[in-house]
There are 2 protein chains.
Amino acid sequence: MKPAEKSLPQAKTVDLGVAAWSAFLRTHATVVRRLERAVEAQTGLPLSWYDVLLELNAADERRLRMQPLAERVVLSRTRVSRLVDEMVGAGMVDKLPDPADRRATFAAITDRGRKALRTAAPVYLAGIEEHFSSHLRRKQLETIRDGLEQVLAAHHAAE
Amino acid sequence: MKPAEKSLPQAKTVDLGVAAWSAFLRTHATVVRRLERAVEAQTGLPLSWYDVLLELNAADERRLRMQPLAERVVLSRTRVSRLVDEMVGAGMVDKLPDPADRRATFAAITDRGRKALRTAAPVYLAGIEEHFSSHLRRKQLETIRDGLEQVLAAHHAAE
DNA sequence: GCAATACATGTGCGTCCGCACGCATCTTAC
DNA sequence: GTAAGATGCGTGCGGACGCACATGTATTGC
């Protein structure tokens, strides 16, 4: 075996990381699918719509420009552009011009959108609970939350 | 405030679960994208191809039928069917009939596939390390691995 | 003031993915 | 033995997604 090099992780550590990552990927595939189906079946709202409504509702003045909205829902700006158009068609979102910058467009949640969000929220929360959180102990949830936030922070720092 | 109902999670617990789930989703989106790009740029191998090669190589006799392969790489059987066809075109996988069941098809890794896998493996492992594990402490990795495996086990049990 | 640049957004297009369906084969009940 | 159902797989099709590019607007350097 090759002599250890500076700051090179040991084999056991690599395995642990891979095992955690593997579990992470499989969990994502499994839980996202089930959650998506459950929420959509019970509320008629796709998960992506729910996310958009959630972010808009939580935003200042209940509206956001496209790019910031895309970042918050973790989708491409392109995708969000189309998503918002569909939701305008469904009357859940309005597109408003920004008087301060005529390039920009605000997406604003409508009353109908807020109503849909209020209906869907408990279903969504229950879904997260049922398909994810309920299988974990409080301590584990804390570690997962904090650990993954660390990972995200590192990525954002590195840009 | 409403009196607590039987086995209903408290608000704080719900929030914790949602926070963990939120971090989970954002981490997945961020890390998968970066990892995928890094591995593909350095090895020319899409992540899905790598996964297929990995599972085939680890399988008994280095081959698997389509359905079991799909389950292991966490994709639909449909998708795997097309994936394997592409990889046959690239000479990394062979499709072989199963003499015991003429409906079935084996996907078997070829020498070229094994070579590609050997080349890509260190890049992939380093990518996981760089984009994921290195930002977490050993203890956190263990908790994440074990916790998510619990979630998966519960889902498989519920089926 | 104006050209050069940066920025916010929308659109054409290709990729990845899974569902619905169909075909061939195997298994089971009789 | 055979009809009915189950199983393994491939394909047509449409949805979700993001990249490259185009358009219109703001900002900056001079």
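Let me start with one pair of side chains, those of B:Glu149 and A:Arg26, which meet in a salt bridge with 2.8 Å from N to O. Please keep in mind throughout that this is a predicted model. Between chain A and chain B the count is 2 salt bridges, and there are also 9 residue pairs in polar contact, with both residues of each pair at pLDDT 80 or more.

Which elements of chain A make up the side that touches chain B? At least two residues each come from α1, covering 11-43, from α5, covering 111-131, and from α6, covering 138-158. The largest share is that of α1(A), which brings 21 residues to this side of chain A. If we sort the residues of that side by character, we find 26 nonpolar, 13 polar and 10 charged.

Now to the extent of this contact, to which chain A gives 49 residues and chain B gives 49 residues. The area buried between the two chains is about 5,100 Å², and carbon and sulfur atoms give 72% of that area. Three residues deserve a mention by name here, since A:Leu16, A:Trp21 and A:His155 supply 14% of the area that chain A buries against chain B, which is more than any other three residues supply.

How are the two chains arranged relative to one another? A turn of 180 degrees, with a shift of 0.0 Å along the axis, lays chain A on chain B with an RMSD of 0.1 Å. The two copies are therefore related as by a two-fold rotation axis. Within chain A, the C-alpha nearest that axis belongs to A:Ile144, and it lies 3.0 Å away from the axis. Both copies use the same surface, in that 100% of the contact residues of chain A recur in chain B.

Let me turn to the DNA, beginning with strand C. Around DNA strand C there are 21 residues, and those that come nearest are A:Arg37, A:Lys95, A:Arg103, B:Ser76 and B:Thr78. Of the atoms of this strand that come within 4 Å of the protein, sugar and phosphate account for 54%. On the phosphate side, a polar side-chain atom of A:Arg37 lies 2.2 Å from a phosphate oxygen of DNA strand C. The bases are approached as well, with a polar side-chain atom of B:Thr78 lying 3.2 Å from a base nitrogen of the strand, and with an N or O atom in the side chain of B:Arg103 lying 3.3 Å from a base oxygen. The element that gives the most to the surface near DNA strand C is α4(A), with 4 residues, and the residues of this surface divide into 3 nonpolar, 6 polar and 12 charged.

What, then, surrounds DNA strand D? Here 21 residues surround the strand, and the closest are A:Ser76, A:Arg103, B:Arg37, B:Lys95 and B:Arg103. Two backbone approaches to phosphate can be named: a backbone N or O atom of A:Arg102 lies 3.0 Å from a phosphate oxygen of DNA strand D, and a backbone N or O atom of B:Gln67 also lies 3.0 Å from a phosphate oxygen of that strand. As for the bases, an N or O atom in the side chain of B:Thr78 is 3.4 Å from a base oxygen of DNA strand D. The largest share of the surface near this strand, 4 residues, comes from α4(B), and the division of that surface is 3 nonpolar, 6 polar and 12 charged.

How values were computed
Residues are numbered from 1 along each chain as its sequence is written. Chains are lettered from A and ligands numbered from 1 in the order in which they are written. This is a predicted model: local features need pLDDT of at least 70, side-chain atom pairs count only at pLDDT 80 or more; totals for chains, interfaces and linings use all residues. Side-chain values use heavy atoms; hydrogens and water are left out. Contact means heavy atoms within 4.5 Å. Buried area is the accessible area (1.4 Å probe) that two parts lose on being put together, summed over both. A salt bridge is a side-chain nitrogen of Lys or Arg within 4 Å of a carboxyl oxygen of Asp or Glu. A polar contact is a pair of N or O atoms within 3.5 Å; within protein, one must be able to donate a hydrogen and the other to accept it, and residues adjacent in sequence count only if both atoms are side-chain atoms. Ala, Val, Leu, Ile, Met, Phe, Trp, Tyr, Cys and Pro count as nonpolar, Asp, Glu, Lys and Arg as charged, and the others, Gly among them, as polar. Copies are superposed by least squares on the C-alpha atoms of residues with pLDDT of at least 70 in both. A residue is near a molecule or strand if one of its heavy atoms lies within 4 Å of it.
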